[in-house]
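Please open the structure in your viewer and keep the sequence panel visible. The tour below proposes a series of selections.

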Amino acid sequence: MVQIMESWFLADVPSLERYFGGNFRSASLTNRESIEDVPKKDVLDQLRMASRDSQKGTYDKGRHSFALLAQIDPQKVIGRSPFAKRLIDTLKSYLIPA
């Protein structure tokens with residue numbers, strides 16, 4: 001299971017680049033296939049490192065997390081996180097057809 005929601009951000013680097021703008025260092029982020037295996041500290045350290053010189057400044061959970069969560073592509077997250085896929089599938093099973 002993913003340790004923190006910021007792990008999901010690692011699945012959609014193009015969204016991070018658009019959000020943070022110029023000087024975002026995407027090379028600082030892991031390209032590990034399973035984002036669920038990245039330790040919490042590593043995820044946060046990588047986000048801070050990648051964003052420290054960006055237009056929006058260094059990543060801060062309170063300042064950036066919910067805006068980023070709204071922008072990332074759920075399909076990319078599902079593709080790299082089996083537990084995210086499970087969550088989405090479970091939620092969809094509770095939807096009532098229109």
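The tour proceeds from the whole chain to a single residue.

This is a predicted model, in which local features need pLDDT of at least 70, side-chain atom pairs count only at pLDDT 80 or more, and totals for chains, interfaces and linings use all residues. Residues are numbered from 1 along each chain as its sequence is written, and side-chain values use heavy atoms, with hydrogens and water left out.

**The whole chain.** Select the protein and display it as a cartoon. Six helices and zero strands appear; helices are DSSP runs of H or I with at least four residues, strands runs of E with at least two, numbered from the N terminus. The radius of gyration, taken over C-alpha atoms, is 14 Å, close to the 13 Å that the globule rule gives for 98 residues, so the protein is as compact as a globular protein of that length. That rule is 2.2 Å times the number of residues to the power 0.38. Along its principal axes, the C-alpha trace spans about 45 × 30 × 20 Å.

**The core.** Next, select Phe9, Leu16, Phe20, Leu29, Leu47, Tyr59 and Leu68, which touch the most other members of the 21-residue largest nonpolar core. Such a core is a set of buried Ala, Val, Leu, Ile, Met, Phe, Trp, Tyr and Cys residues joined through side-chain atoms within 4.5 Å; buried means under 20% relative accessible area with a 1.4 Å probe, protein chains only. Colour α2 (13-20) and α3 (40-51): each supplies at least two residues of this core.

**One residue.** Finally, centre on Leu68. Which residues is leucine 68 in contact with, leaving aside its neighbours within four places in sequence? They are Phe9, Leu16, Tyr19, Phe20 and Tyr59, where contact means heavy atoms within 4.5 Å.

Terms used. Buried means under 20% relative accessible area, exposed over 50%, partly exposed in between (1.4 Å probe, protein chains only).
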